[in-house]
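Biologist: I should be grateful for a close look at the aromatic residues of this protein. Please describe how their rings are arranged.

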Amino acid sequence: MPERPVGVPDAVWSAVESVRSMPRVTGMRYRELPVPSTLADYGIGVEMECVADDDSRSFGDAHMASGWIMLLYSHWRCVAYAQLPLPSDENDGLAPSMYWDGMRSFVDDASLGDVSGTVTVTQNTSFGLAQEGTAGCEMRVSWTPLASMDGGLDAGGQVRCWARFVQSASECEEEPSVDR
């Protein structure tokens, strides 16, 4: 394990250790993501993507879900992003509310304060060679995590709840087709 850098506040180092030791969500791949210094002096960034069983789909595949979360330090604030698939039969005016409600069911478990954000439905139209268009959903969310009884932050719990949400929206968690 890397040593604690000089000058890192106790609250930040404790949060880093909680992310390192958090239980990983099965089927998710994690990478450290740098937090821009323009957002906060200290922070933790984690990028995540759902990994198919055969790992044959590439990052950014329209059928896979991916996202990131940053925990920004001064008074802790979480900002998160997800790029999610949208089945064609669900591409209607109810999709944004459906995704927002689904996200809330996961992050409400993470002891948060105010939650705000946007849900954007994307539609790609393909031309030539009879390619199908794709639809997707992008979510941008932020919240203030509530401190635990000892005043610390369970940063790992925040990352894990976002990873569980991102995974829940991916087709890689579905049961394999009988035709395979």
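Modeller: A suitable starting point in this predicted model is Tyr73, which counts as partly exposed at 23% relative accessibility. Burial would require a value under 20%. Tyr73 belongs to strand S3, residues 66-73. The ring of Tyr73 pairs with that of Tyr42, their centres being 6.4 Å apart. The planes of the two rings stand at 70°, and the pair is therefore edge-to-face, given that angles over 60 degrees fall in that class. Tyr42 is likewise partly exposed, with a relative accessible area of 30%. Tyr42 lies in strand S2, residues 42-50, and the pair thus links distant parts of the chain, 31 residues apart.

A search of the whole structure finds six aromatic pairs. Ring pairs also join Phe106, Trp143, Trp162 and Phe165 into a cluster. Another tyrosine, Tyr30, has a charged neighbour: Arg24 lies over the face of its ring, at 5.4 Å from the ring centre.

Helix H3, which spans residues 155-168, also merits a description for its packing against helix H1, residues 10-21. The axes of H1 and H3 come within 6 Å and cross at roughly 45°, which makes H1 oblique to H3. On the H1 side the contact involves Ala15, Ser18 and Val19; on the H3 side it involves Ala155, Gly156 and Val159. By class, this contact of H1 with H3 comprises four nonpolar and two polar residues, with no charged residues.

Definitions and conventions
Residues numbered from 1 in each chain as written. Predicted model: local features only at pLDDT ≥ 70, side-chain atom pairs only at ≥ 80, totals over all residues. Heavy atoms only, no water. Axes fitted to C-alpha atoms, helices over the stretch in contact; angles between N-to-C directions. Helix = DSSP H or I, 4+ residues; strand = E, 2+ residues; numbered from the N terminus. Parallel < 35°, antiparallel > 145°, perpendicular 65-115°, else oblique. Contact = heavy atoms within 4.5 Å. Nonpolar A, V, L, I, M, F, W, Y, C, P; charged D, E, K, R; others polar. Phe/Tyr/Trp six-rings, centres within 6.5 Å; stacked < 30°, edge-to-face > 60°. Buried < 20%, exposed > 50% of the residue type's maximum accessible area, 1.4 Å probe, protein only. Lys NZ or Arg CZ within 6 Å of the ring centre and 35° of its normal.
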